[in-house]
Amino acid sequence: MKSTRELFEELGYTYQESYFEEKLDEINYSKDGNYTPQIIFNFNHKCVMVYRKENKASWFDVKLLQAINQQIEELGWK
């Protein structure tokens, strides 16, 4: 089984971690393009933000949704 990071990388996304007070705070998957959704997993609130530049609504396909769901499972946010 592929890791979530591998799934996102196959979709063209890059992985980045953000820390707050030396503790992992967010995981960000980003991809170039004005119409490409960016995905952020926030550990403090246990929530996912999907957005695109200029705060516009964003569409995404089932493969991206599956990667998002797998990340949620790996984080234990069920």
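This briefing describes the fold, the overall dimensions, the surface and the charged contacts of one protein chain. The structure is a predicted model, and the values below were computed from that model. The secondary structure of the chain consists of two helices and four strands, and the salt bridges counted in it come to two.

**Fold**

- Read from the N terminus, the elements of the chain follow the order α-β-β-β-β-α, which places a helix at the start of the series and another helix at its end, with the strands in between.
- If one looks at contacts between residues that are at least 6 apart in sequence, 34% of them join residues that are at least 24 apart.

**Overall dimensions**

- The chain has 78 residues, and for that number a compact globule would have a radius of gyration near 12 Å; the chain itself has 12 Å, so the value agrees with that of a compact globule.
- Along its principal axes, the C-alpha trace of the chain spans about 30 × 30 × 20 Å.

**Surface and interior**

- Of the 78 residues in the chain, 26% are buried, a class that takes in residues under 20% relative accessible area.
- The area that the chain exposes is about 5800 Å², and carbon and sulfur atoms supply 48% of that area.

**Charges and salt bridges**

- The chain carries 10 positive and 13 negative charges, and the mean positions of these two groups lie 6 Å apart.
- One salt bridge is formed by Glu10 with Lys2, where the closest N and O atoms are 2.5 Å apart; this pair counts as a salt bridge because the distance falls within the 4 Å cut-off.
- Within this pair, Glu10 has a relative accessible area of 53% and is therefore exposed, since the exposed class begins over 50%, whereas Lys2, with a relative accessible area of 41%, is partly exposed.
- Another salt bridge joins Arg5 with Glu9, and here the closest N and O atoms are 3.5 Å apart.
- Arg5 and Glu9 both belong to helix α1, which covers residues 4–10, and because they are four residues apart in that helix, about one helical turn separates them.
- Both partners of this bridge are partly exposed, as Arg5 has a relative accessible area of 40% and Glu9 has a relative accessibility of 42%.

Technical notes
Residues are numbered from 1 along each chain as its sequence is written. This is a predicted model: local features need pLDDT of at least 70, side-chain atom pairs count only at pLDDT 80 or more; totals for chains, interfaces and linings use all residues. Side-chain values use heavy atoms; hydrogens and water are left out. The radius of gyration is taken over C-alpha atoms; the globule rule is 2.2 Å times the number of residues to the power 0.38. Buried means under 20% relative accessible area, exposed over 50%, partly exposed in between (1.4 Å probe, protein chains only). Contact means heavy atoms within 4.5 Å. Accessible areas come from the Shrake-Rupley method with a 1.4 Å probe; for residues, only the protein chains shown count as cover. Lys and Arg count as positive and Asp and Glu as negative; His and the chain ends are not counted. The place of a charge is taken as NZ of Lys, CZ of Arg, CG of Asp or CD of Glu. A salt bridge is a side-chain nitrogen of Lys or Arg within 4 Å of a carboxyl oxygen of Asp or Glu.
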